[in-house]
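Trainee: Could we go through this structure together? I would like to see how each label is earned.

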Amino acid sequence: MDTKELLKKVRKIEIKTRRLSNHIFGGEYHSAFKGRGMTFSEVRQYQYGDDVRNIDWNVTARYNEPHIKIFEEERELTMMLMVDISGSEWFGTESQFKNEVITEIAATLSFSATQNNDKIGLILFTDAIELYIPPKKGRFHVLRIIRELIEFKPKSRKTDITQAIKFLSSVMKKKVIVFILSDFMADGYKQTLKIAANKHDVTGIRVYDKREENIPNLGMVQMMDAESGEYMLVNTGSKKMRTDYGKYYNDRVNYFKETFTKSGAGAIDCRVDESYVTKLLGYFKRRG
C-alpha cells in the first residue's frame, strides 16, 4: 500500500470513528470507566463518620491525633488496546474482514479515550509480541495507532493470548483499562487472564464471522489453515467432520465467555455484519 492510499484509509477511518466517539461514546465511555482509579490527594484531621480504613498512621503518630488520607477520582486514565493480528483475523464473507472491524472498534475506543484526555497504548500480538506502542495522549498518537492497525505486517500467523497478557502485566505496573480484540479461537489463557483482571479493568471483544460457526456440505474442498498457511483437501460432505468442527468452534466460544466472566472481566460478542456501535454502547451503559 503506497503512502497516499494509506493516508486516505487512515483519514476515512478517522472521520467515521471520530464522529461516533464524539456523538455517541464520549460521555458513555467516561461514565463507564470514571472513578476506576483513585489517587491520593491530601491529609486532614479525622472527623466523626470518616472511614477508619483511610487513617494515615504515620501522620497520626507525628501529630498525636488521628488524620485520614483524602482520595480523589483519577481524571486521567490509561487505555491499552491489545489486538490479535494472527492469520485468522483475515477472514470475512460479508462486507468486511474481521481485522477491518477490529481496526474501526479500536479507533472508536481510542477517540473516546482522547475526548476524556486519557492515554492510549497499543499491543499487536500473534504468538509473539509484534509491536508495542507505549501509552500517550492526542490525535496524532491515535492516528499512528490506526496506521499501524491498517499497515502492520506480522511475522507470525499463529495466536498466543497467554503471552500477550503476560507482556501486558510486565509493562503496565499501574491499573489500566484493557480491551483485548480477537476472534479468541484459542484457549489456555484462563489463569493468566484471572491474574491480569485482578489488577486491571479488562474487556474481551470477540469479533467473528457467522460463516465460521459451521461448515456447509460442499463436498471435497481445498481449504487453507489461516494460522499455518497450509492448504488441505477437506471432505465437507462428512457429517463427522462437520460435527467435530462445530464442537471445536463452540468449545472455543464457551471458553472465552466463561473465562472472561469468571475472572471478573467484561466480554462482548461482535459479529462482522452486526453494528459494533450498538454492542459497545450497550456494554458501556450496563457498566455506567
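Mentor: Happy to; what follows is a set of questions about a predicted model, each answered by setting a value against its cut-off.

Trainee: Let me start with the sheet. What is the order of its strands, and which are the edge strands?

Mentor: The sheet is open and has six strands in the order 5-4-3-6-7-10, with mixed pairing. Strand 5 (129–136) and strand 10 (266–271) are the edge strands, since each pairs on one side only. From one strand to the next, the twist averages 15 degrees.

Trainee: How do you know that strand 4 and strand 5 pair?

Mentor: Two strands count as paired when there are at least two bridges between them. Strand 4 (residues 119–125) and strand 5 have five bridges, in the antiparallel sense, so they meet that cut-off. One bridge sets F125 against I129 in strand 5, and I123 stands opposite Y132. A hairpin of three residues joins the two strands.

Trainee: And what joins strand 4 to strand 3?

Mentor: Seven bridges do, and strand 3 (residues 78–84) runs parallel to strand 4. M82 is the residue opposite I123 there. Strand 4 is also mostly covered, with six of its seven residues buried.

Trainee: Why is I161 called buried?

Mentor: Its relative accessible area is 3%, and buried means under 20%, so I161 qualifies. I161 lies in helix 5. Leaving out residues up to four places away in sequence, I161 touches F125, S182, F184, A186 and Y189.

Trainee: Next, helix 6. Which of its residues are buried, and what puts them on the same side?

Mentor: In helix 6 (residues 190–199), the buried residues are T192, L193, A196 and A197. They share one side of helix 6 because they cover an arc of only 125 degrees around the axis. A general point helps here: an α-helix has 3.6 residues a turn, so residues three or four places apart point the same way.

Trainee: What does the face turned away from the buried side carry, and what covers the buried residues?

Mentor: That face of helix 6 carries the exposed residues Q191, I195 and N198. The cover over the buried residues includes helix 5 (161–171), strand 6, strand 7 and helix 7 (239–262).

Trainee: Why are helix 5 and helix 6 called roughly parallel?

Mentor: Their axes cross at roughly 25 degrees and come within 9 Å. Angles under 35 degrees count as roughly parallel, and therefore helix 5 and helix 6 get that label. The crossing is left-handed. T162, I165, K166 and S169 in helix 5 meet T192, L193 and A196 in helix 6.

Trainee: What makes helix 3 and helix 8 oblique instead?

Mentor: The axes of helix 3 (residues 98–115) and helix 8 cross at roughly 40 degrees, coming within 11 Å. That angle is not under 35 degrees, nor in the range 65 to 115, nor over 145, so helix 3 and helix 8 are oblique to each other. The contact is made by V101, E104, I105, T108 and L109 of helix 3 and Y276, L280 and F284 of helix 8. Helix 3 passes helix 8 in a right-handed crossing.

Notes
Residues are numbered from 1 along each chain as its sequence is written. This is a predicted model: local features need pLDDT of at least 70, side-chain atom pairs count only at pLDDT 80 or more; totals for chains, interfaces and linings use all residues. Side-chain values use heavy atoms; hydrogens and water are left out. Helices (H or I, at least four residues) and strands (E, at least two) are DSSP runs, numbered from the N terminus. Axes are lines fitted to C-alpha atoms, for helices over the stretch in contact, and angles run from 0 to 180 degrees between N-to-C directions. Buried means under 20% relative accessible area, exposed over 50%, partly exposed in between (1.4 Å probe, protein chains only). The arc is that of the directions from the helix axis to the C-beta atoms. Contact means heavy atoms within 4.5 Å. A crossing is left-handed if the near helix is turned anticlockwise from the far one by less than a right angle, and right-handed if clockwise.
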